[in-house]
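Biologist: I'd like to learn how to read the packing in a model like this one. Could you walk me through it, feature by feature?

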Amino acid sequence: MSDATLSPRKGFDWRGSAIILACGLFAMAASFVLLGRDTLLIAFPFALLIFAVGIRFPMIALAGLLVLIMTNMSDNLIESFGAPSLAKITAPGLFVLLAARYAVYREQPYIPRIAIIFLSIIFAMKMLSATYALRWELSIALSIDFLKEAAVAILALAFMNNKRGFETVALSAVLPIVLICGLGLYQLLVDYSPSGFFGFSRFTYGSGRFSGMLFDPNFFGAIVVFVLPLGLFHLLNARGPTEMLLWTLACGILIAGLLATQSRGALIGLALGLVVLSTSFTRKQFVAAAAIGGLVVVLAGVFAGDRFIDRFTSIFDTAAAGAAQDTSTEGRLASWTVAYNLFNEHPWLGVGVGNFKVHYQNNALEDGLIFRGEARATHSLYLEFLTEQGLIGLMVFLGFAAFGAVSFFRGAALARSVGDELMARRLVAFCAAFVGYLAAMTFLQDGIPRFLWYVVSLAAESLMIIRCIYADHPSLQFRTRRLVEPSRVRTR
(Lines give C-alpha, C1' and ligand atoms only; values in the text may rest on other atoms or scores of the structure.)
Protein backbone atom coordinates (compact mmCIF):
# COMPACT_ATOMS: atom_id res chain seq x y z
CA MET A 1 0.00 0.00 0.00
CA SER A 2 1.22 3.43 -0.81
CA ASP A 3 0.47 6.98 0.18
CA ALA A 4 0.35 7.96 -3.45
CA THR A 5 -2.84 7.56 -5.44
CA LEU A 6 -2.65 5.38 -8.51
CA SER A 7 -3.10 7.24 -11.77
CA PRO A 8 -6.28 6.40 -13.71
CA ARG A 9 -6.11 4.23 -16.79
CA LYS A 10 -6.12 5.86 -20.21
CA GLY A 11 -9.28 5.82 -22.26
CA PHE A 12 -12.88 5.51 -21.18
CA ASP A 13 -13.42 2.64 -18.77
CA TRP A 14 -16.83 1.22 -19.68
CA ARG A 15 -16.61 -1.51 -17.07
CA GLY A 16 -15.71 0.89 -14.29
CA SER A 17 -18.45 3.30 -15.30
CA ALA A 18 -21.01 0.50 -15.28
CA ILE A 19 -19.93 -0.56 -11.77
CA ILE A 20 -20.18 3.01 -10.49
CA LEU A 21 -23.62 3.43 -12.08
CA ALA A 22 -24.89 0.17 -10.60
CA CYS A 23 -23.56 1.00 -7.15
CA GLY A 24 -24.99 4.49 -7.37
CA LEU A 25 -28.44 3.13 -8.23
CA PHE A 26 -28.18 0.71 -5.32
CA ALA A 27 -27.27 3.53 -2.90
CA MET A 28 -30.09 5.71 -4.19
CA ALA A 29 -32.58 2.88 -3.84
CA ALA A 30 -31.44 2.16 -0.28
CA SER A 31 -31.60 5.85 0.58
CA PHE A 32 -35.07 6.14 -0.96
CA VAL A 33 -36.34 3.30 1.21
CA LEU A 34 -34.64 4.49 4.39
CA LEU A 35 -35.24 8.22 4.11
CA GLY A 36 -38.23 8.78 1.87
CA ARG A 37 -38.54 10.83 -1.30
CA ASP A 38 -38.55 14.33 0.21
CA THR A 39 -35.52 13.94 2.46
CA LEU A 40 -33.65 12.11 -0.30
CA LEU A 41 -34.00 15.15 -2.56
CA ILE A 42 -32.58 17.31 0.23
CA ALA A 43 -29.65 14.98 0.94
CA PHE A 44 -28.80 14.16 -2.68
CA PRO A 45 -26.73 17.31 -3.53
CA PHE A 46 -24.63 16.91 -0.37
CA ALA A 47 -24.15 13.19 -1.01
CA LEU A 48 -23.10 13.92 -4.61
CA LEU A 49 -20.55 16.50 -3.43
CA ILE A 50 -19.08 14.16 -0.81
CA PHE A 51 -18.94 11.35 -3.39
CA ALA A 52 -17.17 13.55 -5.96
CA VAL A 53 -14.52 14.63 -3.46
CA GLY A 54 -14.20 11.25 -1.75
CA ILE A 55 -13.56 9.30 -4.95
CA ARG A 56 -10.43 11.38 -5.51
CA PHE A 57 -9.43 11.90 -1.87
CA PRO A 58 -10.64 8.91 0.18
CA MET A 59 -9.16 10.23 3.42
CA ILE A 60 -11.71 13.04 3.32
CA ALA A 61 -14.49 10.45 3.22
CA LEU A 62 -12.91 8.64 6.19
CA ALA A 63 -12.61 11.93 8.07
CA GLY A 64 -16.27 12.71 7.41
CA LEU A 65 -17.36 9.34 8.74
CA LEU A 66 -15.29 9.73 11.92
CA VAL A 67 -16.64 13.22 12.53
CA LEU A 68 -20.13 11.76 12.16
CA ILE A 69 -19.30 9.11 14.78
CA MET A 70 -17.46 11.37 17.21
CA THR A 71 -20.01 14.19 17.32
CA ASN A 72 -23.24 12.18 17.26
CA MET A 73 -23.98 14.50 14.37
CA SER A 74 -26.92 12.68 12.82
CA ASP A 75 -29.03 12.72 16.00
CA ASN A 76 -28.12 16.31 16.83
CA LEU A 77 -28.92 17.59 13.34
CA ILE A 78 -32.26 15.79 13.42
CA GLU A 79 -33.09 17.23 16.84
CA SER A 80 -31.89 20.79 16.20
CA PHE A 81 -32.60 21.37 12.51
CA GLY A 82 -34.92 18.58 11.40
CA ALA A 83 -32.28 17.35 8.95
CA PRO A 84 -32.47 13.91 7.28
CA SER A 85 -30.77 11.03 9.04
CA LEU A 86 -27.16 10.81 7.89
CA ALA A 87 -26.59 7.57 9.79
CA LYS A 88 -29.03 5.63 7.64
CA ILE A 89 -27.24 6.35 4.36
CA THR A 90 -23.69 6.07 5.72
CA ALA A 91 -23.18 2.38 4.93
CA PRO A 92 -24.57 2.52 1.34
CA GLY A 93 -22.53 5.66 0.66
CA LEU A 94 -19.28 4.09 1.88
CA PHE A 95 -19.94 0.97 -0.13
CA VAL A 96 -20.45 3.02 -3.30
CA LEU A 97 -17.30 5.03 -2.68
CA LEU A 98 -15.14 1.94 -2.18
CA ALA A 99 -16.57 0.33 -5.31
CA ALA A 100 -15.92 3.49 -7.29
CA ARG A 101 -12.32 3.67 -6.09
CA TYR A 102 -11.80 0.10 -7.24
CA ALA A 103 -13.47 0.73 -10.61
CA VAL A 104 -11.48 3.87 -11.42
CA TYR A 105 -8.12 3.26 -9.72
CA ARG A 106 -8.19 -0.51 -9.17
CA GLU A 107 -7.52 0.25 -5.52
CA GLN A 108 -8.58 -2.66 -3.36
CA PRO A 109 -9.99 -1.70 0.05
CA TYR A 110 -8.34 -2.93 3.20
CA ILE A 111 -10.12 -6.08 4.41
CA PRO A 112 -10.06 -6.26 8.24
CA ARG A 113 -10.08 -10.05 8.58
CA ILE A 114 -9.17 -10.10 12.28
CA ALA A 115 -11.90 -7.63 13.20
CA ILE A 116 -14.44 -9.51 11.10
CA ILE A 117 -13.64 -12.77 12.91
CA PHE A 118 -13.86 -11.20 16.38
CA LEU A 119 -17.02 -9.24 15.61
CA SER A 120 -18.66 -12.32 14.12
CA ILE A 121 -17.94 -14.30 17.28
CA ILE A 122 -19.40 -11.55 19.47
CA PHE A 123 -22.49 -11.30 17.24
CA ALA A 124 -23.01 -15.05 17.41
CA MET A 125 -22.78 -14.97 21.21
CA LYS A 126 -25.29 -12.12 21.39
CA MET A 127 -27.74 -14.02 19.20
CA LEU A 128 -27.18 -17.16 21.28
CA SER A 129 -28.17 -15.26 24.41
CA ALA A 130 -31.64 -14.71 22.95
CA THR A 131 -32.31 -18.44 23.30
CA TYR A 132 -32.27 -18.28 27.12
CA ALA A 133 -32.97 -14.58 27.86
CA LEU A 134 -36.13 -13.67 29.74
CA ARG A 135 -36.86 -10.98 27.18
CA TRP A 136 -35.50 -12.67 24.07
CA GLU A 137 -36.94 -10.06 21.69
CA LEU A 138 -34.78 -7.39 23.37
CA SER A 139 -31.67 -9.52 22.91
CA ILE A 140 -32.43 -9.99 19.21
CA ALA A 141 -33.04 -6.26 18.70
CA LEU A 142 -29.77 -5.33 20.40
CA SER A 143 -27.92 -8.01 18.39
CA ILE A 144 -29.20 -6.51 15.15
CA ASP A 145 -28.12 -3.05 16.32
CA PHE A 146 -24.67 -4.47 17.05
CA LEU A 147 -24.51 -5.88 13.52
CA LYS A 148 -25.15 -2.40 12.12
CA GLU A 149 -22.43 -0.86 14.27
CA ALA A 150 -19.99 -3.62 13.29
CA ALA A 151 -20.73 -3.02 9.59
CA VAL A 152 -19.90 0.68 9.97
CA ALA A 153 -16.65 -0.19 11.78
CA ILE A 154 -15.62 -2.62 9.01
CA LEU A 155 -16.43 -0.11 6.27
CA ALA A 156 -14.40 2.56 8.06
CA LEU A 157 -11.43 0.20 8.34
CA ALA A 158 -11.67 -0.47 4.61
CA PHE A 159 -10.24 3.04 4.04
CA MET A 160 -7.08 2.27 6.04
CA ASN A 161 -5.12 1.39 2.89
CA ASN A 162 -3.24 4.66 3.07
CA LYS A 163 -0.16 5.64 5.03
CA ARG A 164 -1.97 8.72 6.32
CA GLY A 165 -4.85 6.67 7.68
CA PHE A 166 -3.85 6.85 11.34
CA GLU A 167 -3.09 10.55 11.06
CA THR A 168 -6.52 11.13 9.52
CA VAL A 169 -8.21 9.16 12.29
CA ALA A 170 -6.37 11.14 14.98
CA LEU A 171 -7.19 14.56 13.55
CA SER A 172 -10.78 13.61 12.77
CA ALA A 173 -11.25 12.45 16.36
CA VAL A 174 -9.50 15.30 18.15
CA LEU A 175 -10.58 18.45 16.28
CA PRO A 176 -14.39 17.97 16.53
CA ILE A 177 -14.13 17.31 20.28
CA VAL A 178 -11.97 20.45 20.64
CA LEU A 179 -14.73 22.47 18.95
CA ILE A 180 -17.41 20.90 21.17
CA CYS A 181 -15.39 21.61 24.33
CA GLY A 182 -14.83 25.14 23.03
CA LEU A 183 -18.60 25.63 22.71
CA GLY A 184 -18.98 24.39 26.27
CA LEU A 185 -16.36 26.83 27.59
CA TYR A 186 -18.06 29.62 25.66
CA GLN A 187 -21.29 28.86 27.51
CA LEU A 188 -19.52 28.79 30.86
CA LEU A 189 -17.62 32.03 30.36
CA VAL A 190 -19.78 34.11 28.02
CA ASP A 191 -23.31 33.03 27.17
CA TYR A 192 -25.42 30.22 25.77
CA SER A 193 -24.21 28.66 22.53
CA PRO A 194 -25.73 29.87 19.24
CA SER A 195 -29.22 28.62 18.52
CA GLY A 196 -29.29 25.16 16.99
CA PHE A 197 -25.81 24.20 18.15
CA PHE A 198 -26.86 23.72 21.76
CA GLY A 199 -27.19 19.97 21.11
CA PHE A 200 -23.44 19.71 20.59
CA SER A 201 -22.55 21.27 23.96
CA ARG A 202 -25.15 20.25 26.50
CA PHE A 203 -24.97 20.77 30.25
CA THR A 204 -26.79 18.35 32.52
CA TYR A 205 -29.78 20.02 34.12
CA GLY A 206 -29.44 20.33 37.88
CA SER A 207 -25.79 19.29 38.27
CA GLY A 208 -24.33 21.70 35.70
CA ARG A 209 -21.95 19.03 34.40
CA PHE A 210 -20.78 19.30 30.79
CA SER A 211 -22.08 16.43 28.63
CA GLY A 212 -21.06 17.68 25.17
CA MET A 213 -23.00 16.15 22.30
CA LEU A 214 -24.27 13.31 24.51
CA PHE A 215 -26.85 13.18 27.27
CA ASP A 216 -24.43 11.90 29.90
CA PRO A 217 -21.29 13.75 31.07
CA ASN A 218 -19.55 10.48 31.96
CA PHE A 219 -19.88 9.15 28.40
CA PHE A 220 -18.55 12.41 27.01
CA GLY A 221 -15.70 12.33 29.52
CA ALA A 222 -14.69 8.90 28.19
CA ILE A 223 -14.60 10.34 24.65
CA VAL A 224 -12.36 13.19 25.80
CA VAL A 225 -10.09 10.66 27.52
CA PHE A 226 -9.64 8.95 24.16
CA VAL A 227 -8.72 12.10 22.22
CA LEU A 228 -6.48 13.76 24.84
CA PRO A 229 -3.44 11.45 24.37
CA LEU A 230 -3.72 12.00 20.61
CA GLY A 231 -3.78 15.77 21.14
CA LEU A 232 -0.80 15.58 23.49
CA PHE A 233 1.07 13.54 20.90
CA HIS A 234 0.66 16.34 18.35
CA LEU A 235 1.66 18.93 20.94
CA LEU A 236 4.83 17.14 22.02
CA ASN A 237 5.82 16.42 18.41
CA ALA A 238 4.99 19.88 16.99
CA ARG A 239 7.41 21.04 14.30
CA GLY A 240 7.19 24.79 14.79
CA PRO A 241 6.08 27.49 17.23
CA THR A 242 2.77 28.12 15.45
CA GLU A 243 1.84 24.44 15.44
CA MET A 244 2.91 24.14 19.06
CA LEU A 245 0.78 27.15 20.06
CA LEU A 246 -2.31 25.78 18.29
CA TRP A 247 -1.98 22.34 19.84
CA THR A 248 -1.33 23.89 23.27
CA LEU A 249 -4.61 25.76 22.93
CA ALA A 250 -6.40 22.60 21.72
CA CYS A 251 -5.09 20.48 24.60
CA GLY A 252 -5.98 23.21 27.08
CA ILE A 253 -9.56 23.27 25.79
CA LEU A 254 -9.78 19.47 26.00
CA ILE A 255 -8.49 19.41 29.58
CA ALA A 256 -10.93 22.15 30.59
CA GLY A 257 -13.77 20.26 28.90
CA LEU A 258 -12.82 17.06 30.72
CA LEU A 259 -12.76 18.82 34.08
CA ALA A 260 -16.16 20.38 33.30
CA THR A 261 -17.65 16.90 32.97
CA GLN A 262 -16.66 16.25 36.60
CA SER A 263 -16.27 12.59 35.65
CA ARG A 264 -14.17 10.77 38.23
CA GLY A 265 -13.94 7.61 36.14
CA ALA A 266 -12.66 9.63 33.18
CA LEU A 267 -9.80 11.03 35.26
CA ILE A 268 -8.82 7.54 36.35
CA GLY A 269 -8.85 6.41 32.72
CA LEU A 270 -6.80 9.43 31.66
CA ALA A 271 -4.18 8.67 34.31
CA LEU A 272 -3.69 5.14 32.94
CA GLY A 273 -3.64 6.42 29.37
CA LEU A 274 -0.92 8.94 30.20
CA VAL A 275 1.18 6.20 31.77
CA VAL A 276 1.05 4.30 28.48
CA LEU A 277 1.76 7.48 26.49
CA SER A 278 4.85 8.22 28.60
CA THR A 279 6.53 5.04 27.36
CA SER A 280 7.25 6.82 24.06
CA PHE A 281 8.54 10.08 25.59
CA THR A 282 12.01 11.39 25.03
CA ARG A 283 13.68 13.11 27.98
CA LYS A 284 12.57 16.57 26.80
CA GLN A 285 9.03 15.37 26.19
CA PHE A 286 8.87 13.85 29.65
CA VAL A 287 9.92 17.15 31.24
CA ALA A 288 7.40 19.06 29.09
CA ALA A 289 4.60 16.62 30.01
CA ALA A 290 5.43 16.92 33.71
CA ALA A 291 5.32 20.72 33.44
CA ILE A 292 1.94 20.57 31.68
CA GLY A 293 0.56 18.24 34.35
CA GLY A 294 1.76 20.47 37.17
CA LEU A 295 0.27 23.55 35.54
CA VAL A 296 -3.08 21.82 35.06
CA VAL A 297 -3.21 20.76 38.73
CA VAL A 298 -2.40 24.31 39.91
CA LEU A 299 -4.97 25.97 37.63
CA ALA A 300 -7.63 23.40 38.53
CA GLY A 301 -7.04 24.06 42.23
CA VAL A 302 -7.28 27.83 41.74
CA PHE A 303 -10.40 28.01 39.55
CA ALA A 304 -12.35 24.96 40.73
CA GLY A 305 -15.39 25.59 42.92
CA ASP A 306 -16.28 23.89 46.19
CA ARG A 307 -18.89 21.69 44.49
CA PHE A 308 -16.31 20.48 41.98
CA ILE A 309 -13.75 19.66 44.70
CA ASP A 310 -16.31 17.92 46.91
CA ARG A 311 -17.30 15.62 44.07
CA PHE A 312 -13.76 14.31 43.63
CA THR A 313 -12.90 14.13 47.32
CA SER A 314 -16.01 11.99 47.87
CA ILE A 315 -14.02 9.07 46.40
CA PHE A 316 -11.59 9.17 49.34
CA ASP A 317 -14.42 9.78 51.80
CA THR A 318 -16.21 6.67 50.50
CA ALA A 319 -13.04 4.59 50.85
CA ALA A 320 -12.44 5.83 54.38
CA ALA A 321 -16.02 5.43 55.59
CA GLY A 322 -16.64 2.13 53.84
CA ALA A 323 -19.99 3.39 52.55
CA ALA A 324 -21.18 5.59 49.70
CA GLN A 325 -21.01 9.33 50.38
CA ASP A 326 -23.16 10.45 47.42
CA THR A 327 -26.11 9.12 45.42
CA SER A 328 -24.00 8.56 42.31
CA THR A 329 -21.63 6.22 44.12
CA GLU A 330 -24.53 4.57 45.93
CA GLY A 331 -26.29 3.85 42.65
CA ARG A 332 -23.18 2.34 41.11
CA LEU A 333 -22.52 0.13 44.11
CA ALA A 334 -26.13 -1.10 43.96
CA SER A 335 -25.80 -1.94 40.26
CA TRP A 336 -22.50 -3.72 40.83
CA THR A 337 -23.96 -5.72 43.71
CA VAL A 338 -26.90 -6.90 41.59
CA ALA A 339 -24.53 -7.67 38.71
CA TYR A 340 -22.39 -9.81 41.01
CA ASN A 341 -25.44 -11.68 42.28
CA LEU A 342 -26.67 -12.35 38.75
CA PHE A 343 -23.23 -13.58 37.77
CA ASN A 344 -23.29 -16.08 40.63
CA GLU A 345 -26.66 -17.36 39.41
CA HIS A 346 -25.70 -17.47 35.70
CA PRO A 347 -21.88 -17.64 35.60
CA TRP A 348 -21.11 -19.00 32.14
CA LEU A 349 -23.56 -17.45 29.66
CA GLY A 350 -25.26 -14.72 31.68
CA VAL A 351 -28.89 -13.63 31.61
CA GLY A 352 -28.96 -12.48 27.97
CA VAL A 353 -28.04 -9.29 26.13
CA GLY A 354 -29.98 -6.29 27.44
CA ASN A 355 -31.64 -8.28 30.23
CA PHE A 356 -29.80 -6.84 33.23
CA LYS A 357 -32.43 -4.13 33.62
CA VAL A 358 -35.14 -6.82 33.63
CA HIS A 359 -33.63 -8.46 36.70
CA TYR A 360 -32.43 -5.35 38.55
CA GLN A 361 -35.55 -4.29 40.42
CA ASN A 362 -36.37 -7.61 42.08
CA ASN A 363 -32.76 -8.28 43.05
CA ALA A 364 -32.30 -4.77 44.41
CA LEU A 365 -35.43 -5.02 46.53
CA GLU A 366 -34.41 -8.41 47.89
CA ASP A 367 -31.05 -7.04 49.01
CA GLY A 368 -32.46 -3.75 50.31
CA LEU A 369 -30.52 -1.68 47.77
CA ILE A 370 -31.38 1.67 46.21
CA PHE A 371 -34.44 1.39 43.98
CA ARG A 372 -34.19 2.61 40.39
CA GLY A 373 -36.41 2.38 37.31
CA GLU A 374 -36.39 -0.19 34.52
CA ALA A 375 -33.65 1.61 32.62
CA ARG A 376 -31.05 0.86 35.32
CA ALA A 377 -27.72 -0.23 33.83
CA THR A 378 -24.67 -2.02 35.19
CA HIS A 379 -22.52 1.14 35.04
CA SER A 380 -19.58 -0.99 33.95
CA LEU A 381 -18.83 -2.32 30.49
CA TYR A 382 -17.12 -5.38 31.94
CA LEU A 383 -19.87 -6.18 34.43
CA GLU A 384 -22.32 -5.78 31.55
CA PHE A 385 -20.52 -8.51 29.63
CA LEU A 386 -20.13 -10.63 32.75
CA THR A 387 -23.79 -10.34 33.73
CA GLU A 388 -25.45 -10.53 30.32
CA GLN A 389 -23.06 -12.85 28.44
CA GLY A 390 -21.33 -14.58 31.30
CA LEU A 391 -17.69 -15.34 31.89
CA ILE A 392 -17.32 -16.64 28.32
CA GLY A 393 -18.57 -13.38 26.84
CA LEU A 394 -16.30 -11.30 29.07
CA MET A 395 -13.25 -13.40 28.18
CA VAL A 396 -13.96 -13.01 24.46
CA PHE A 397 -14.19 -9.24 24.76
CA LEU A 398 -11.11 -8.95 26.98
CA GLY A 399 -9.20 -11.12 24.52
CA PHE A 400 -10.31 -8.83 21.70
CA ALA A 401 -9.21 -5.73 23.65
CA ALA A 402 -5.89 -7.22 24.81
CA PHE A 403 -5.09 -8.30 21.27
CA GLY A 404 -5.70 -4.71 20.16
CA ALA A 405 -3.42 -3.17 22.80
CA VAL A 406 -0.61 -5.60 21.94
CA SER A 407 -1.12 -4.92 18.22
CA PHE A 408 -0.56 -1.19 18.77
CA PHE A 409 2.76 -1.82 20.51
CA ARG A 410 3.86 -4.39 17.92
CA GLY A 411 2.91 -1.98 15.16
CA ALA A 412 4.98 0.74 16.86
CA ALA A 413 7.96 -1.63 17.06
CA LEU A 414 7.60 -2.45 13.36
CA ALA A 415 7.43 1.24 12.42
CA ARG A 416 10.50 1.92 14.52
CA SER A 417 12.37 -0.92 12.82
CA VAL A 418 11.96 0.78 9.43
CA GLY A 419 13.04 4.16 10.81
CA ASP A 420 9.59 5.79 11.07
CA GLU A 421 9.85 7.06 14.63
CA LEU A 422 6.94 9.47 14.26
CA MET A 423 4.57 6.67 13.26
CA ALA A 424 5.81 4.59 16.20
CA ARG A 425 5.01 7.39 18.64
CA ARG A 426 1.62 7.91 17.00
CA LEU A 427 0.73 4.26 17.50
CA VAL A 428 1.76 4.43 21.16
CA ALA A 429 -0.50 7.48 21.49
CA PHE A 430 -3.34 5.47 19.97
CA CYS A 431 -2.65 2.69 22.45
CA ALA A 432 -2.72 5.23 25.30
CA ALA A 433 -6.05 6.55 24.04
CA PHE A 434 -7.38 3.01 23.74
CA VAL A 435 -6.26 1.95 27.23
CA GLY A 436 -7.54 5.16 28.81
CA TYR A 437 -10.93 4.81 27.14
CA LEU A 438 -11.31 1.17 28.20
CA ALA A 439 -10.28 2.06 31.74
CA ALA A 440 -12.93 4.80 31.86
CA MET A 441 -15.50 2.27 30.63
CA THR A 442 -14.96 0.35 33.88
CA PHE A 443 -17.54 2.76 35.31
CA LEU A 444 -19.82 2.98 32.24
CA GLN A 445 -22.02 0.57 30.34
CA ASP A 446 -22.06 0.16 26.55
CA GLY A 447 -23.86 3.44 25.84
CA ILE A 448 -21.95 4.53 22.70
CA PRO A 449 -21.54 1.23 20.81
CA ARG A 450 -20.62 2.67 17.42
CA PHE A 451 -17.54 4.37 18.85
CA LEU A 452 -16.65 1.41 21.06
CA TRP A 453 -16.65 -1.20 18.31
CA TYR A 454 -14.82 1.02 15.84
CA VAL A 455 -12.04 1.73 18.35
CA VAL A 456 -11.67 -1.92 19.37
CA SER A 457 -11.66 -3.06 15.72
CA LEU A 458 -9.06 -0.44 14.76
CA ALA A 459 -6.84 -1.61 17.62
CA ALA A 460 -7.11 -5.26 16.58
CA GLU A 461 -6.17 -4.42 12.99
CA SER A 462 -3.41 -1.90 13.76
CA LEU A 463 -0.47 -4.29 13.32
CA MET A 464 -1.79 -5.70 10.02
CA ILE A 465 -2.41 -2.19 8.72
CA ILE A 466 1.17 -1.20 9.52
CA ARG A 467 2.46 -4.35 7.85
CA CYS A 468 0.56 -3.48 4.70
CA ILE A 469 1.79 0.12 4.75
CA TYR A 470 5.44 -0.94 4.91
CA ALA A 471 5.07 -4.09 2.82
CA ASP A 472 7.44 -2.82 0.11
CA HIS A 473 10.10 -1.53 2.49
CA PRO A 474 13.49 -3.10 1.68
CA SER A 475 14.34 -3.89 5.29
CA LEU A 476 11.20 -6.03 5.64
CA GLN A 477 11.97 -8.33 2.74
CA PHE A 478 12.63 -11.93 3.72
CA ARG A 479 16.21 -12.73 4.57
CA THR A 480 17.41 -16.23 5.30
CA ARG A 481 19.55 -16.68 8.38
CA ARG A 482 20.89 -20.06 7.26
CA LEU A 483 24.54 -19.94 6.23
CA VAL A 484 25.03 -21.56 2.86
CA GLU A 485 28.37 -23.36 2.67
CA PRO A 486 30.17 -23.71 -0.69
CA SER A 487 29.78 -27.05 -2.39
CA ARG A 488 32.75 -29.36 -2.18
CA VAL A 489 34.29 -30.46 -5.45
CA ARG A 490 35.64 -33.97 -5.58
CA THR A 491 39.22 -34.32 -6.79
CA ARG A 492 41.06 -37.38 -7.85
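Modeller: Sure, let's start with the overall make-up: the protein has 18 helices and two strands. Keep in mind that this is a predicted model.

Biologist: How many residues does the protein have, and what percentage of them count as buried?

Modeller: There are 492 residues, and 47% of them count as buried. For a feel of how the chain folds back on itself, take contacts between residues at least 6 apart in sequence: 76% of those join residues at least 24 apart.

Biologist: Next, aromatic rings. What do I look at in a pair?

Modeller: The general idea is that you describe two aromatic rings by how far apart their centres are and by the angle of their planes. Searching the whole structure turns up 18 aromatic pairs. One of them is Phe-118 with Phe-400, with 4.4 Å from centre to centre and 10° between the planes. Planes under 30 degrees apart count as stacked, so this pair is stacked.

Biologist: Which helices hold Phe-118 and Phe-400?

Modeller: Phe-118 sits in helix α6 (residues 113–129) and Phe-400 in helix α16 (residues 381–417). They are 282 residues apart, so to speak a link between distant parts of the chain. Both Phe-118 and Phe-400 are buried.

Biologist: What are the distance and angle for Phe-385 and Phe-397?

Modeller: That pair is stacked too, at 4.6 Å centre to centre with 15° between the planes.

Biologist: And why does Phe-385 count as buried?

Modeller: The cut-off for buried is under 20% relative accessible area. Phe-385 has 5%, so it is buried. Phe-397 comes in at 1%, so Phe-397 counts as buried as well.

Biologist: Which residues join Phe-385 and Phe-397 in a cluster?

Modeller: Ring pairs link them with Phe-123, Phe-146, Tyr-382 and Trp-453. Phe-146 also has a charged partner: Lys-126 lies over its face, 5.4 Å from the ring centre. You can find another such arrangement at Tyr-102, where Arg-106 lies over the face at 5.1 Å from the ring centre.

Biologist: Now helix packing. At what angle do α9 and α11 pack?

Modeller: For two helices, check the angle and the distance between the axes. Helix α9 (residues 217–236) packs against helix α11 (residues 264–277) at about 25°, and their axes are 9 Å apart. Angles under 35 degrees count as roughly parallel, so α9 is roughly parallel to α11. The crossing of α9 past α11 is right-handed.

Biologist: Which residues make that contact?

Modeller: From α9 you have Gly-221, Ala-222, Val-225, Leu-228, Pro-229 and Leu-232. From α11 come Ala-266, Gly-269, Leu-270, Leu-274 and Leu-277.

Biologist: Can we finish with single residues? Where is Val-455 found?

Modeller: Val-455 is in helix α18 (residues 449–469). Its relative accessibility is 4%, so Val-455 counts as buried. To read its surroundings, skip the neighbours within four places in sequence, and you get contacts with Phe-226 and Phe-434. Val-455 and Phe-434 are 21 residues apart in sequence, with 7.2 Å from C-alpha to C-alpha.

Biologist: What is Ser-457 in contact with?

Modeller: Ser-457 also has its place in helix α18. With 0% relative accessibility, it counts as buried. Leaving aside neighbours within four places in sequence, Ser-457 contacts Ala-115, Leu-119, Ala-153, Leu-157 and Phe-400. That brings us back to Phe-400, the stacking partner of Phe-118.

Note on methods:
Residues numbered from 1 in each chain as written. Predicted model: local features only at pLDDT ≥ 70, side-chain atom pairs only at ≥ 80, totals over all residues. Heavy atoms only, no water. Phe/Tyr/Trp six-rings, centres within 6.5 Å; stacked < 30°, edge-to-face > 60°. Helix = DSSP H or I, 4+ residues; strand = E, 2+ residues; numbered from the N terminus. Buried < 20%, exposed > 50% of the residue type's maximum accessible area, 1.4 Å probe, protein only. Lys NZ or Arg CZ within 6 Å of the ring centre and 35° of its normal. Contact = heavy atoms within 4.5 Å. Axes fitted to C-alpha atoms, helices over the stretch in contact; angles between N-to-C directions. Parallel < 35°, antiparallel > 145°, perpendicular 65-115°, else oblique. Left-handed = near helix turned anticlockwise from the far one by under 90°.
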